[in-house]
Structures are given as structure tokens and as C-alpha cells.
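Q: Hi! Could you walk me through this one? I'd like to start with how its strands pair up.

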Amino acid sequence: MENKKYYITTPIYYPSANFHIGHCYTTVIADSINRYKKKEGYDTFFLTGSDEHGLKIQKKANDAGVTPKEYVDEIIENAKDLWKSLNVEYDRFIRTTDSDHVETVQKIFKKLYDQGDIYKGEYTGLYCTPCESFWTETQLVDGKCPDCGRDVTEVSEEAYFFKLSKYQDRLVEYIETHPEFIQPVSRKNEMLNNFIKPGLEDLCVSRTSFTWGIPVTFDEKHIVYVWIDALSNYISALGYLSQDDSKFKKYWPADLHIVGKEIVRFHTIIWPIMLMALDLPLPHQVFGHGWLIINGGKISKSLGNYRDPREYIEKYGVDAIRYYLLREVPFGSDGQFSEELLISRYNADLANTVGNLVNRTLSMLTKYFDGVINKSEVETEFDKDLINIVTTTKENVRSYMDSLQIPEALDSIFEIFRRSNKYIDETMPWVLAKEENKDKLKTVLYNLLESIRIGAILLSPYLPETSNEILRQINTKETSYEKLDQFGLLETGIHINDFKPIFMRIEVKNESK
């Protein structure tokens, strides 16, 4: 198979002891896409990490009576533990305090300064500390930060500026001639019409009023603006401007930056202009997804709707959470999260459609053939339709995944399980057993097991634990992703392994208060 590369990133997250289910959304999606690309034969690199500099970190560290580095060190393992609990497999977790990242950011800043794209001046403007963002008076909403709604502070200090305005026309031309660059289309239109075409101002890219950041090497009273620092992680992680830049040469440009809609502006204005100034190719696509809304509102400790995602994982299982995030929320739009919706989706799809199918089939195989997989040449009138659906699903999934229609990709896989349940109703194996029509019964059970095998392998990028457990129960070694358009590869003469229901239906008690 041709060796193809795929580089996917999430944003690097603000280090927090209070990650919520919304933070999990981006990372689970990226993990599933990355796993899928691996199955499709790509040499992949998946990057995530933590954004650890800035005034708000320094303030929190001061309040806690520790240094900023001590503060972030203490809580950074929380993110890693959460990703582990969600079965997220990244290739690198980068920290903006990592020495190789710091060196690369300093080299980038110096390079841009030396070529005249960064210059020294005086900044007076409005700054939102929680968002680490500068705003003009006209961009404020009711005098407050347009992103978070908090108060802004007027700051005045000596600063370095990056010539965003120099690259405005070039950026507009690029976006208009590369329609795939910013997705979905609504985000592209928003960036062009609301931010870029009205006119870009040069960006303040250094601070002197606080110290927690990467020092400017040639003027050390200045530290690098956190967004120049943070965005550079996508190439510093690959060794850009380092002694070993082999990963950079191999994987850049990135194929996909997945970001929340609130930071699309940074990734589609500052970042591409940085790359243009560095004479580097731009990422293929920046996809700005929506927010996960819980019980009708944004997730917040102050609103009382925050829960640690590990509580949900412990209660319902990791794949139930992964499935909900991937299946329930239209990728690109805002989506709802509630336990009621989670349980409803769990019962309908995981327990009833998949869990019940696998358990029924293995129970019938045990009852009628002592758990040994058999095959016969006798056909039923319902085989052809089942086999057609099963063998065309891989191509359907590829089509959906190529356009990042992830809920649709999952739904097409679940069509295998839905059709298999219907096949049981059509063929009525219990009647075939009563009539002692063993050859037809062998065919029915074999076709069910083969459909389950193919469906389980297709599920592996999204629900890895579920996929592995199904394949373990049916005791197959035939797990090739390449051959999923071929029906009939399940081994015969093999005894299935011990089994129990993979998903048990959740009974919800109606409690009147």
C-alpha cells in the first residue's frame, strides 16, 4: 500500500484541573479521525498539548503562592489522565514550556524580526486577560470582550508588532481560491466578512507588563504574545528550525487543525499569515466545530452544571461517552449534552442494536452448534441484501470521513447491525432449528457472525474497546481493514470465546418529587 501521511492536531489547551465534557469533544473526534486514517494505511501524527504561558496563569500561580511552572506542573497530569481514560492515543503531548518549543518560538520571532515583519512600537489598547486577546473599541460588545463577555483592561506599553496588514490581500486571495481551507463554510464567511476584509491591523506580539512567557532573545524585557507562542506548537512539535527537522519535512503541512469556533480567528488569520511570512505552506484545512451545550447552557462550575468527565466514563463506560460525542453532535454545529440524551442513545444504539445482536447471535450459536462456527453452501432469500449492505459500508464510511461527516459515518456502520437484526427476524433461526434445517441455520448464523465481524472492525476507530471485545468474543483472527469489502472470510471450525452482553440496557426510574 502507498505510504501516505496524515497530520492532525487539536488546539493546545489551557491547563486546568476542571476539564469538562466539552473539552473531550474535540480530542475524541481527532483521535477517531487519526485511528481511521491509520486503518486506511496512512502514516499519521496526532498532536495535542497544553498552552501554559500568559498573564492569567501568572496570576493564578501568584494567588496559589507558587511559581507559574510549579502551578502548571501540578495540574498538567490531569489532562493526560483524562485523555487516557477516553482511550485517546496521541503521538505527542506538547507543552509550551518544553525546551524545544521555547527555542523554536524564539527562532521564529527573531526570523520575523530580522526580515522586517516584526517591528518595535508603542501599544495602547484593550486587552482581555481570560482570552489573552487584544481588541479595538469597535470590536467590543457593550464595552466588553466579544468572546467571553468579561471586562477588558486598557494597557499601554512598549511592544513589538507583527505586520498582519502586509499580508491581508494575500490571505484573502488564498482563502477565496482554497475553499476547503476554512470549514464549515459559515466560519469562512465570518472570517472574511467580519474580520479580514474590513481591514487587518498590525498585531501586538510582545508584552512587558508581566514575565510568564517566552523571552524575546534580543530584548529580554519583552515576552512573546501567547498566541504567537501557542500557534507555533504545530511546527515546533515536528522540529521546525531544530537540528532534527525530519518530522517537519515528513508531516508538514498539517492536513487538519480541529479547533473550537471561538478560536477560528487566530487559526485562520494570525496562523496562516505567520506561515506566509515564514515562507511555509499552509495547513490543508482548519475546521471550526461548535460548542457542546449541557442542559441548555454552556458548561460552567458557576452555573452548577459542571461534572468531571471521568464520572460519566465510570458510570456508563468509555465507549458510551465516545459514541455520544461522535454520533449525537453534528460536526460543525453546536450540540446538546445531557444524561437523558446519553441514556437514550445508549439504549437505542449500543444496548438494543449492537449489544443485543451480538448476544443473541452467540447464544444461538452456543445452543444450536455448541459454540462452533460453521458454514454451508445453502442460501436464503435474504442473504444477498444483507451481504450487499455489509460489503459496501467501508466505501460509504470513506466517503463520509473524507468530508468529516462523522455522525453519518457511524450511522452507516450501525446500518450493518440494524440490517443484521432484521435478518434474524426474516430468517427466524429458531424455526430453522425446530425444523432441523441445519444447513440453512448454519448459513444464517455464519452470515450474522460475519456481518458482526465486519461491523466491529469498522467500529474500531470510534469505539476501540467495543470493537476489541466483539472480536474477542467471536474469536476471530481475521481483522484486516483492507478486506472489509469481502464477505466470507470468517474462519470456520472455531469455537467462540466466553461471552456476556457488551451493553446492558439502562433502566431509568421515574421518580416524582
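A: Happy to! One term to begin with: two strands count as paired if DSSP finds at least two bridges between them. Keep in mind that this is a predicted model.

Q: Got it. So how many bridges join β4 to β6?

A: Strand β4 (residues 118–128) and strand β6 (residues 153–162) are joined by 10 bridges, and they run antiparallel.

Q: Which residue stands opposite phenylalanine 161 there?

A: That's tyrosine 119, which stands opposite phenylalanine 161 of β6.

Q: And what is the bridge partner of phenylalanine 161 in β8?

A: Cysteine 204 is its partner in β8. Two bridges link β6 with strand β8 (residues 203–204), and this pair runs antiparallel.

Q: Nice. Zooming out, how many helices and strands are in the chain?

A: The chain has 18 helices and 14 strands.

Q: What box do the C-alpha atoms fill?

A: Roughly 90 × 60 × 40 Å, taken along the principal axes.

Q: How much of the chain is buried?

A: Of the 513 residues, 56% are buried. As for the outside, the accessible surface is about 22,200 Å², and 46% of that belongs to carbon and sulfur atoms.

Q: What about contacts between residues far along the sequence?

A: Among contacts with a separation of 6 or more, 78% are between residues 24 or more positions apart.

Q: Last one, charges: how many positive and negative side chains are there?

A: There are 62 positive and 78 negative side chains, and the centres of these two sets lie 2 Å apart.

Conventions: Residues numbered from 1 in each chain as written. Predicted model: local features only at pLDDT ≥ 70, side-chain atom pairs only at ≥ 80, totals over all residues. Heavy atoms only, no water. Helix = DSSP H or I, 4+ residues; strand = E, 2+ residues; numbered from the N terminus. Buried < 20%, exposed > 50% of the residue type's maximum accessible area, 1.4 Å probe, protein only. Contact = heavy atoms within 4.5 Å. Areas by Shrake-Rupley, 256 points an atom, 1.4 Å probe, with all protein chains shown as cover. Lys, Arg positive; Asp, Glu negative; His and termini not counted. Charge placed at Lys NZ, Arg CZ, Asp CG, Glu CD.
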